[in-house]
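I set out to look up a few features of this structure and to record them entry by entry. My notes follow the order in which I looked.

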Amino acid sequence: MSRREKNLWIVAGIAIVLYALFPIAWIVSLSLKAPADISNGQFLPTSATFENYTTILTGSASGLFLPALRNSFGICLIATFISCVLAMFAAYAIARLDFPGKRLILSTALAVAIFPVISIVTPLFNLWRQIGLYDTWPGLIIPYLSLTLPISIWTMSAFFREIPWEMEQAAQVDGATTWQAFRKVIVPLAAPGVFTTAIIAFFIAWNDFAYGISLTSTEASRPVPAALGLFSGASQFEDPTGAIAAAAVVVTIPVVVLVLLFQRRIVAGLTNGAVKG
Amino acid sequence: MASIEMRNIVKQYGDGFPAVNDVSLDIADGEFMILVGPSGCGKSTLLRMIVGLEDITSGDMIIGGKRVNDLAPRDRNLSMVFQNYALYPHMTVYENIAFPLRLAKMNDDEVRRRVTEASDVLELKEHLERKPANLSGGQRQRVAMGRAIVRQAEAFLFDEPLSNLDAKLRGQMRTEISRLQRRLGITTVYVTHDQTEAMTLGDRVCVLRKGKIQQVASPRELYEQPVNLFVAGFIGSPPMNFLPATLDGDRLKTPFGAVTLDERRAAAVRGRDLLLVGIRPEYFEDASLVDEAKRPLGSMFRARVDVTEWLGDSQYAYIPYEAPDAIRDQLRELSRELDSEELRTQAIVSIDATSRMREGREAEFWLDARKVHVFDPQTGDNLTRDAEAGARLTQMATEDRVEQVQEAQAQGTTVGGGATRAGAA
């Protein structure tokens, strides 16, 4: 690559990063503005204040925000965990075994994933009320599984397919049962895939708004995205923009932390050296 | 250690295609058996049936006197080296070798002792803490072998273990495997498509074609007394030349002049019309370099040399010849089956390296008629095979093996019951 070409790449890269980060920077700046400052038409607040953060964490909005944060964490983590475990077994079977209906499972998973959420919400709302799942954690975990499972199965079966089958056969010849081969050889090799899938699944559940707003009514199970929509200003003449921006920043932090944490686990090319090289 | 017996083994895939068809083979305790053949002949499938990675459609697989058809791979106590080594990339070399022992719930001291012994044998000591990704091809190969020898397996199975190595390393590892097998004295089944490996390593070689056994014999017998066209064409490099011939009394008329057969072989081919004569490249010679005393044993002919290849220690000449269409088609079919693409009918002739034969000129050749074989073009059968002489060759190979194993045992270099005594060597 020539010097000129390299510089072009760097410039293009910076442009893309700026473009992608600009909304986030804006939200951070909004969250630091005082209510009077919000519509001043400037990017930077005239004087930075943590007033909005106090409002959502300890102030008037904390009754709405804090339980929602707890719900979001609990529901999303449980949904992610269940979907990863289920997807791991499903993907292993899809990648390794030849059974009738294999294509059917994959295409059904895809069909479920492309189904618009909004079209299921209303029937679910009625059904959940009938059977008592409305406004409960399981009432959200179950629909979240329908969102996360298909994509988890697809990504994980792609990862499993990458693992040479000889690995497992070698383990069996070495004296391992199918379960031992799976646990001691396949799972460690698939770990990067599992973590990647877990992150994707968590994001999907974390970002959901439609289910969150429709299937909950109290802080017993309302997740953060739904709670944000219910923020109100100090008076009816005041926008809750600042508080929403602060909450959005708080909600973004766990996602960033999660990626940074697992980034180390997503070691590319872990299988290098398993086969000829 | 155990013998392996196969009785009428059949492997049929879902579409009814028999990948292995009615194979019966006895592999003696401590024997080095090679399964060889062109791609798609079922050799790997057969090996995988021995180890249990492939279901057996019908027939009996008996290892150490026990029928193992329905046993899982882990219950057969065999160790296998895969073509791509199949090392566990997330474990160190030490843990890779120790893996079978860990699965057997062996205590740490015993594991350490055995892994150390195995790594001594394979000179892997300084690499024990490294990951497979950081090793060279030859080192990975040795780790795979270490994992195989570390436990007391009934037999070793190799699935084309050297095909991923470059030519030089392949030669070294070949001798290494041979030495190791002699030293441990363990029954070994080795799959390869490389006939050099087949010839140099095997006590006996089993040649497979389309799932059927063609011939099981010592390398020498295969070379000198092949049972049919296929074996004759497969074993030997450069391959045996097949020339069309017609019978004229006791003489065979070939494109390269008449070949006189001895009494036994003449009797075997009498009364036939069109035949194929199989002549190995080294039965030819530049006529000007042949001893006066040897000349009467063969015949002379003149032919135009198309191309010569001088290799320093040897020299090959290519001589084109004409063949009837039927024969030409058949030879093409055969060469396709042997994984090569013979475009023209030509004989490859080995001549002395000092010969100054020129390309494009006519030259005089001498043909040693004593060892030629005559094949039936229809069935491919070798009409002049001397079964007794062949059996003698294989018998000699077997005696050699027994003697070698005894010698090794007397020196205490074998591993009576696995790798336990390997370190004492």
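**Entry 1: a helix pair in chain B.** I note at the outset that this is a predicted model. I began with handedness, and recorded a right-handed crossing for helix 2 of chain B and helix 4 of chain B. I then took the geometry: helix 2 (residues 93–103) and helix 4 (residues 137–149) of chain B pack at about 30 degrees, their axes lying 7 Å apart. Because angles under 35 degrees count as roughly parallel, I entered helix 2 of chain B as roughly parallel to helix 4 of chain B. From helix 2 of chain B I listed Val93(B), Asn96(B), Ile97(B), Phe99(B) and Pro100(B), which meet Val143(B), Gly146(B) and Arg147(B) of helix 4 of chain B. I sorted the residues of this contact into five nonpolar, two polar and one charged.

**Entry 2: a helix pair in chain A.** I next looked up helix 6 (residues 137–162) and helix 8 of chain A, which pack at an angle of about 160 degrees with axes 9 Å apart. That angle makes helix 6 of chain A roughly antiparallel to helix 8 of chain A. I found a right-handed crossing for helix 6 and helix 8 of chain A. On the helix 6 side of this contact in chain A I noted residues including Tyr144(A), Leu147(A), Ile151(A) and Phe159(A). On the helix 8 side in chain A I noted, among them, Ala190(A), Gly193(A), Val194(A) and Ile204(A). By class, I recorded 12 nonpolar, six polar and no charged residues for the contact of helix 6 of chain A with helix 8 of chain A.

**Entry 3: chain A as a whole.** I found 11 helices and zero strands in chain A. The C-alpha trace of chain A spans about 75 × 65 × 30 Å along its principal axes. Of the 277 residues in chain A, I noted that 32% are buried. Among contacts in chain A with a separation of 6 or more, 76% join residues 24 or more positions apart.

**Entry 4: where the chains touch.** Which residues does the contact draw on, and how many from each chain? I noted 22 residues from chain A and 24 residues from chain B. Helix 7 (165–173) and helix 8 (178–207) of chain A each supply at least two residues of the side of chain A that touches chain B. Helix 7 of chain A gives the largest share of that side, six residues. I divided the side of chain A that touches chain B into 11 nonpolar, eight polar and three charged residues.

**Entry 5: domains of chain B.** The domain assignment for chain B gives domain 1 (4–223 + 398–424) and domain 2 (238–384). I recorded 38 Å between the centres of domain 1 and domain 2 of chain B, taken over C-alpha atoms.

**Entry 6: backbone exceptions in chain B.** Most residues other than glycine have a negative phi, and most peptide bonds are trans. I therefore listed the exceptions, starting with Asp22(B), whose phi is positive at about 55 degrees, against the general pattern. Asp22(B) is placed in strand 2 (residues 18–27) of chain B. Is Asp22(B) buried or partly exposed? With 14 C-beta neighbours inside 10 Å, Asp22(B) counts as partly exposed.

Tyr85(B) also has a positive phi, of about 70 degrees, and is found in the loop between strand 6 (79–81) and helix 2 of chain B. I counted Tyr85(B) as buried, with 27 C-beta neighbours inside 10 Å.

Finally, I noted a cis peptide bond from Ser237(B) to Pro238(B), with omega near 0 degrees. Pro238(B) lies in the loop between helix 8 (229–234) and strand 11 (241–248) of chain B.

Key
Residues are numbered from 1 along each chain as its sequence is written. Chains are lettered from A and ligands numbered from 1 in the order in which they are written. This is a predicted model: local features need pLDDT of at least 70, side-chain atom pairs count only at pLDDT 80 or more; totals for chains, interfaces and linings use all residues. Two residues are in contact if their C-beta atoms, placed from the backbone, lie within 7 Å. Helices (H or I, at least four residues) and strands (E, at least two) are DSSP runs, numbered from the N terminus. Ala, Val, Leu, Ile, Met, Phe, Trp, Tyr, Cys and Pro count as nonpolar, Asp, Glu, Lys and Arg as charged, and the others, Gly among them, as polar. Axes are lines fitted to C-alpha atoms, for helices over the stretch in contact, and angles run from 0 to 180 degrees between N-to-C directions. Angles under 35 degrees count as roughly parallel, over 145 as roughly antiparallel, 65 to 115 as roughly perpendicular and the rest as oblique. A crossing is left-handed if the near helix is turned anticlockwise from the far one by less than a right angle, and right-handed if clockwise. A residue is buried if 20 or more other C-beta atoms lie within 10 Å of its own, exposed if 12 or fewer, and partly exposed in between; C-beta atoms are placed from the backbone. Domain bounds come from an automatic or database domain assignment.
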